[in-house]
Amino acid sequence: MINKKILFFGATSLASEHLVHDLSKKNSVYNISRNKISGLKNIYIDFNNESTFQNLEKIKEKEIDYLIYFSSQVPFSELNSEWSECKKINVYSPIKILNRLNFKIKKIILASSMSVYGSSIKKKINELSETNPDSGYALTKYTQEKIFGIYSKVNNIKFLCVRFGYIYSKNISYKRLIKKIIFKISKNQNLEIINGNKINLNLLHTKDLSIALQKIIKNKEGIFNLSTDKFISINFFVKKILKYFPKYKGKLVKINENSIKKDHLFSNQKINSIYTSNAVKRLDSTIQEIIKKI
């Protein structure tokens, strides 16, 4: 894929940290954000300031190949999130943006979330599985999918929706589960693990996200799930970390709730094979990179 004109919303997010730079090597990428990225064409937009949406008019292109949308508010506690805390960024902002586009778009690529399937998954899922958004965040992401999907259909635009698992890299926030566990172990703090063998983290490294998405961005349409086909439990992850802290003195408490079954979430698409072999390998190297920064 070369010489494409791309509008990238959310290019400064963790999920897009590799994708935006990989795409910019051979394409013309507009970064639509409050923050600048070196080497890109930067258009300033503050999602909390409606007047800045007028800056989209600075883009003089008559035709855009791809509109890539990664902008979302992701609360630290997704399961306990409310519609009210996520609706402005995840629902209202996309509507404002789509109403202000004054050029032709060939294809929209939306980054969504596997949370739309709900938190009580009892079976393997693919892109045809029933959705059950049971948190405020999940509901706003499901609504976002419908907004972009309907807009694309009405305006005869190709549409690709990609639902991601747990996005991670060495740059993940300390408030997120992966880095939080590493930090606690490094400080010999007690760790309480609930359903450590039953919940799949559905890990997806940002580099593998970029590799996979670049393979399908041109020719695929519809809904895809991108996640590892490896069942990576919390206990497995903790065991990986403890390998680097053999003298860990904290208390490790494991609590099992039999009411929750294993979640095994992955795509049935062939694209899944592109990055699954790297899941554990990247996990090891990322843990080491995070430890160096602590």
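The lining of the second largest pocket divides into 4 nonpolar, 3 polar and 4 charged residues. The model is predicted, and the pocket is described here on that basis. Its volume is about 160 Å³. Three elements each give two or more residues to this lining: helix 3 (136-154), strand 6 (158-164) and strand 10 (222-226). Helix 3 gives the most, with 4 residues.

The lining itself can be listed by residue. Glu127, Thr131, Tyr142, Glu145, Lys146 and Gly149 belong to it. Phe159, Cys161, Arg163, Gly222 and Ile223 also line the second largest pocket. Among the charged residues of this lining are Glu127, Glu145, Lys146 and Arg163. Tyr142, Phe159, Cys161 and Ile223 count as nonpolar. Thr131, Gly149 and Gly222 count as polar.

The pocket sits in a chain of 294 residues, of which 50% are buried. The secondary structure comes to 7 helices and 11 strands. Contacts reach far along the sequence. Of those with a separation of 6 or more, 78% join residues 24 or more positions apart. The chain exposes about 14,800 Å². Carbon and sulfur atoms supply 48% of that area.

Confidence was examined for the chain and by element. The average pLDDT of the chain is 85, and 89% of the residues score at least 70. Confidence is highest in strand 4 (residues 63-69), at a mean of 96. Strand 11 (residues 252-255) has the lowest confidence, at a mean of 79.

Conventions
Residues are numbered from 1 along each chain as its sequence is written. This is a predicted model: local features need pLDDT of at least 70, side-chain atom pairs count only at pLDDT 80 or more; totals for chains, interfaces and linings use all residues. Side-chain values use heavy atoms; hydrogens and water are left out. pLDDT is the predictor's confidence in each residue, from 0 to 100. On a 1 Å grid over the protein atoms alone, a cavity is a set of points where a 1.4 Å probe fits but cannot get out, and a pocket is an open set with protein on both sides within 12 Å along at least five of seven lines; lining residues have an atom within 4 Å of a point. Grid points are joined across faces, edges and corners, and a volume is the space filled by probe spheres set on the points. Buried means under 20% relative accessible area, exposed over 50%, partly exposed in between (1.4 Å probe, protein chains only). Contact means heavy atoms within 4.5 Å. Accessible areas come from the Shrake-Rupley method with a 1.4 Å probe; for residues, only the protein chains shown count as cover.
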